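Visitor: Hi, I'm new to this one. Could you walk me through it?

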Amino acid sequence: MSRKLTVLIPLTLSVAMLSGCGLFGPEQSTGSKPVDPPRMSKNNKPQGPSEEVTLSLIGDQGKADTDDPAKAMVEDVATPVYLMDPEGFVVPITVQLPKAEGPAKQVLNYMVKGGPIEDVKPDGFTALLPKGTVVQGVNIKDGVATVDFSDKFGNYEAKDEQKIVDAITFALTSFESVKEVKIWINGHPQEVMPVDGTPISSLSRADGINKELAANVKMGETTPITLYFQGEMANKETYFVPVTRLISRTDDKAMATVNELIRGPKQGANLFSSILPTTKVLDVKIDNGVATVNLDEKILDYNDGKANPLAMDSILLSLTENADVGQVQFMVNGKTNVTAGDKDYSKPVSRPTQMNPGKM
C-alpha cells in the first residue's frame with residue numbers, strides 16, 4: 001500500500017443551514033396540520049414537489065441569516081454532492097449552490113450528467129445519475145426521503161448501479177432530517193434497481209459506500225466501518241475518499257475504526273493514508289457524545305513534534321461516521337496538548353461538513 005504525507009486541502013468547519021419544504025405521493029408530512037395532496041399531471045403522475053421539512057447538513061454549526069428573504073434566496077450555500085472520481089470511487093465534493101427552497105432535490109439535480117454540475121466539478125470527476133434524468137420530487141417524512149425519478153434514471157450500465165445507489169444514499173443522508181432513502185420511478189416504488197436488480201427497498205448510510213471486504217473475513221460475520229482515506233488529483237491536490245470496509249464482527253467500532261485507518265487502504269486501491277503505520281492506539285473511549293482517542297507519540301512524527309492535519313481529519317471523519325459521537329478529543333500518551341500544522345487539537349473538535357472543494 002502507498003502512503004504520502006502532504007497537506008493540500010484543509011477542511012472547512014462550518015456550513016450554512018439549508019431549509020425548504022416538499023411533498024409527493026400518498027403520504028402526508030409529519031406535523032399536526034393537514035397538507036395539500038400532490039400536484040398531478042394530466043396522466044395522474046405526481047410532479048414537481050418541494051420538501052416539507054427543514055433540512056440541515058450533518059454537523060452544521062450555524063444557521064443562515066434569513067432576516068432578509070430576498071438576500072437569503074440569492075446566497076450560495078456550500079453543499080456536498082457525490083460524484084465518481086477518476087479511480088471509480090464515489091466521493092463527496094463541496095460545491096457552491098444557489099440557496100433553494102428544495103435543497104435535497106437541488107443536490108440530486110447537481111448529480112445528473114450533463115447538468116449544472118459540469119461547470120463546477122473538479123477535472124476528472126463525473127456525475128453518476130444518467131443524462132436526462134429528471135428529479136420529479138423529493139418527499140421527506142419521519143426521517144425517510146422518497147425520491148421520484150423520471151424514466152431516464154434507468155439509462156446506465158450495470159457496473160455503475162451500486163455507485164449510483166451509494167451516491168444517492170449518502171447525498172440525501174447528508175441532511176440531518178434524513179435517515180433512510182427510498183427510490184421511485186415515475187411515481188412507482190422500486191424494490192430493486194432497474195438494470196442489475198440491486199435491492200433498494202430501504203437505503204441508509206449504514207449500508208456503506210465504496211464497499212470492500214477485509215482479508216480473511218467471512219461474509220455474514222462482519223461489521224461495516226467507513227474509513228476516510230485520501231486520493232490524489234492530477235494536479236497533486238488530495239481529497240478524502242470514504243471506503244466502507246467489512247471487518248470481522250466487533251462490538252467496539254470506535255477502536256476498530258482507528259486501527260483500520262492505521263492499517264491503511266487496501267493494496268492496489270490507489271488510495272493512501274496520512275497516518276504512519278507505526279502509530280499505536282493506546283485507548284478509545286466514548287462518553288456523552290465525545291470520543292477520546294489516545295495515541296502514542298508516533299502520531300507526532302510528521303513535523304517537529306506536530307501531527308499531520310490530514311491524519312487528524314481522517315480520524316475525526318471516520319469516528320464521527322461510525323460511532324455515536326459528535327466530537328473527538330485527541331490525546332498523545334494521555335496528554336491533550338496536541339497540535340497539527342497550525343491547528344490546535346487540545347479541545348474536542350466537531351466533524352467538518354465541507355471537504356473536497358470543487359471549482360470555486
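Guide: Sure. One term before we begin: a contact here means heavy atoms within 4.5 Å. With that in hand, take Lys179: leaving aside its neighbours within four places in sequence, Lys179 is in contact with Gly143, Thr173, Leu203, Ser204 and Arg205. Keep in mind that this is a predicted model.

Visitor: Okay, and where is Lys179 found?

Guide: Lys179 is in the loop between α3 and β5, with β5 covering 180–185.

Visitor: Is Lys179 buried or exposed?

Guide: Lys179 counts as exposed, because its relative accessibility is 54% and the cut-off for exposed is over 50%.

Visitor: How far apart are the C-alpha atoms of Lys179 and Thr169?

Guide: They are separated by 9.3 Å, and the two residues are 10 apart along the chain.

Visitor: Let's go to Asp166. Which helix is that in?

Guide: Asp166 is in helix α3, residues 161–172. Asp166 has a relative accessible area of 5%, so it counts as buried.

Visitor: What does Asp166 touch?

Guide: Not counting residues up to four places away in sequence, Asp166 touches Val90, Gly208, Ile209, Asn210 and Lys211. Asp166 also helps line the second largest cavity, along with residues including Gln162, Phe170 and Asp207.

Visitor: Tell me about that cavity. What's its volume?

Guide: The second largest cavity has a volume of about 40 Å³. Helix α3 gives the largest share of its lining, five residues. The lining divides into three nonpolar, four polar and three charged residues.

Visitor: How many cavities of 30 Å³ or more are there?

Guide: The count comes to two. The largest cavity has a volume of about 50 Å³. Of the 11 residues that line the largest cavity, Ser274, Leu276, Lys298, Ile299 and Tyr302 are the closest to its centre. By class, that lining has six nonpolar, three polar and two charged residues.

Visitor: And pockets? How much space lies in the second largest pocket?

Guide: About 250 Å³. It is lined by 16 residues, and the closest to its centre are Ala214, Ala215, Arg245, Glu260 and Arg263. The elements giving two or more residues to this lining are β8 (212–213), β10 and α4. Strand β10 has the largest share, with three residues.

Visitor: You mentioned α4. Which of its residues are buried?

Guide: Helix α4 runs over residues 253–263, and its buried residues are Ala254, Ala256, Thr257, Val258, Glu260, Leu261 and Ile262. So Glu260 is one of the buried residues of α4 under the cut-off of 20% relative accessible area.

Visitor: What covers them?

Guide: The cover includes β9 (222–232), β10 (238–248), β11 (281–287), β12 (290–295) and α5 (309–322). Just after α4, Gly264 takes a positive phi of about 95°.

Visitor: What sheet do β11 and β12 belong to?

Guide: They are in an open sheet of four strands, ordered β11-β12-β13-β16, with mixed pairing. Its edge strands are β11 and β16 (349–350), each pairing on one side only. Six bridges join β11 to β12, and these two run antiparallel. Within that pairing, the bridge partner of Val281 is Leu295 in β12.

Visitor: Last thing: where does pLDDT stay under 50?

Guide: One stretch is residues 1–56, for which the model has 179 contacts beyond four places in sequence. Another is residues 58–73, with 31 such contacts. The mean pLDDT of the protein chain is 82, and 79% of its residues reach 70 or more.

Methods:
Residues are numbered from 1 along each chain as its sequence is written. This is a predicted model: local features need pLDDT of at least 70, side-chain atom pairs count only at pLDDT 80 or more; totals for chains, interfaces and linings use all residues. Side-chain values use heavy atoms; hydrogens and water are left out. pLDDT is the predictor's confidence in each residue, from 0 to 100. Buried means under 20% relative accessible area, exposed over 50%, partly exposed in between (1.4 Å probe, protein chains only). On a 1 Å grid over the protein atoms alone, a cavity is a set of points where a 1.4 Å probe fits but cannot get out, and a pocket is an open set with protein on both sides within 12 Å along at least five of seven lines; lining residues have an atom within 4 Å of a point. Grid points are joined across faces, edges and corners, and a volume is the space filled by probe spheres set on the points. Two strands pair if DSSP finds at least two bridges between them. Ala, Val, Leu, Ile, Met, Phe, Trp, Tyr, Cys and Pro count as nonpolar, Asp, Glu, Lys and Arg as charged, and the others, Gly among them, as polar.
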